[in-house]
Amino acid sequence: AVAPLATKDELSKAVAPLATKDELSKAVAPLATRQDVRESTEELARIIADTVASPMQKQFSELADDLEVREEVQLLKRDMLKIKQALHI
């Protein structure tokens, strides 16, 4: 046996609670578009570069300079020790 088909009235009642195209358009309108997300991502990348990446790069550079100076000081101390030993000071 074949199940009975819904009547037009039954279909109307079943679809009545569903949102209309207009209602869906209004509900979706405030959501971000792909362009909005893209622009926000680019802005976030700029903010991170300015506030995190650049200062960290500067600190790493300064740290490398500090380490280089330390190495030079160690070499100078070693050389001074050798000079003192050679001069019996």
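This briefing walks through the fold, the charges, the surface patches and a few single residues of the chain.

The model is a predicted one, so please read every value below as computed from it. The chain holds three helices and zero strands, and its elements run α-α-α from the N terminus on. With a radius of gyration of 37 Å against the 12 Å that the globule rule gives for 89 residues, the chain is more spread out than a compact globule.

**Overall shape and surface**

- Taken along the principal axes, the C-alpha atoms of the chain fill a box of roughly 115 × 35 × 15 Å.
- Of the 89 residues, 0% count as buried; the cut-off behind that word is a relative accessible area under 20%.
- The accessible surface of the chain comes to about 8,600 Å², and carbon and sulfur atoms account for 62% of that surface.
- Two pairs of residues give a feel for distances along the chain. The C-alpha atoms of S12 and Q74 lie 89 Å apart, with their positions 62 residues apart in the sequence.
- For F60 and L18, which are 42 residues apart in sequence, the C-alpha to C-alpha distance is 59 Å.
- S12 sits in helix α1 and is partly exposed, at 41% relative accessibility.

**Charges and salt bridges**

- The chain carries 13 positive and 16 negative charges, and the mean positions of these two sets are 3 Å apart.
- A search of the whole structure turns up two salt bridges.
- One of them joins the side chains of K13 and D9, at 3.8 Å from N to O. Helix α1 covers residues 8–15, and because K13 and D9 are four residues apart in this helix, about one helical turn separates them.
- The two partners differ in exposure class: K13 is exposed, with a relative accessible area of 60%, whereas D9 is partly exposed at 48%. The line between these classes is drawn at 50%.
- The other salt bridge is made by the side chains of E43 and R46, at 2.8 Å from N to O. E43 and R46 are three residues apart in helix α3, so about one helical turn lies between them as well.
- Both ends of this second bridge are partly exposed, E43 with a relative accessible area of 36% and R46 at 45%.

**Patches on the surface**

- E62, D65, D66, E68, E71 and E72 form a negative surface patch.
- Within that patch, E71 belongs to helix α3, which spans residues 34–87. E71 is exposed, with a relative accessible area of 53%, and therefore passes the requirement of over 30% for patch members.
- A nonpolar surface patch is made up of L44, I47, I48, V52, M56, F60, L63 and L67. Together these residues offer about 710 Å² of accessible area.
- I48, one of the nonpolar patch residues, is placed in helix α3. Its relative accessible area is 42%, so I48 is partly exposed.
- F60 also lies in helix α3 and is partly exposed, with a relative accessible area of 49%.

**A backbone feature after helix α3**

- Which residue has a positive phi although it is not a glycine? H88 does, with a phi of about 55 degrees.
- For context, most residues other than glycine have a negative phi.
- H88 is found in the segment after α3. With a relative accessible area of 73%, H88 is exposed.

Terms used
Residues numbered from 1 in each chain as written. Predicted model: local features only at pLDDT ≥ 70, side-chain atom pairs only at ≥ 80, totals over all residues. Heavy atoms only, no water. Patch = residues over 30% accessible without salt bridge, like charges linked within 9 Å, V, L, I, M, F, W, Y side chains within 5 Å. Areas by Shrake-Rupley, 256 points an atom, 1.4 Å probe, with all protein chains shown as cover. Salt bridge = Lys/Arg side-chain N within 4 Å of Asp/Glu carboxyl O. Lys, Arg positive; Asp, Glu negative; His and termini not counted. Charge placed at Lys NZ, Arg CZ, Asp CG, Glu CD. Helix = DSSP H or I, 4+ residues; strand = E, 2+ residues; numbered from the N terminus. Buried < 20%, exposed > 50% of the residue type's maximum accessible area, 1.4 Å probe, protein only. Rg over C-alpha atoms; globule rule 2.2 N^0.38 Å.
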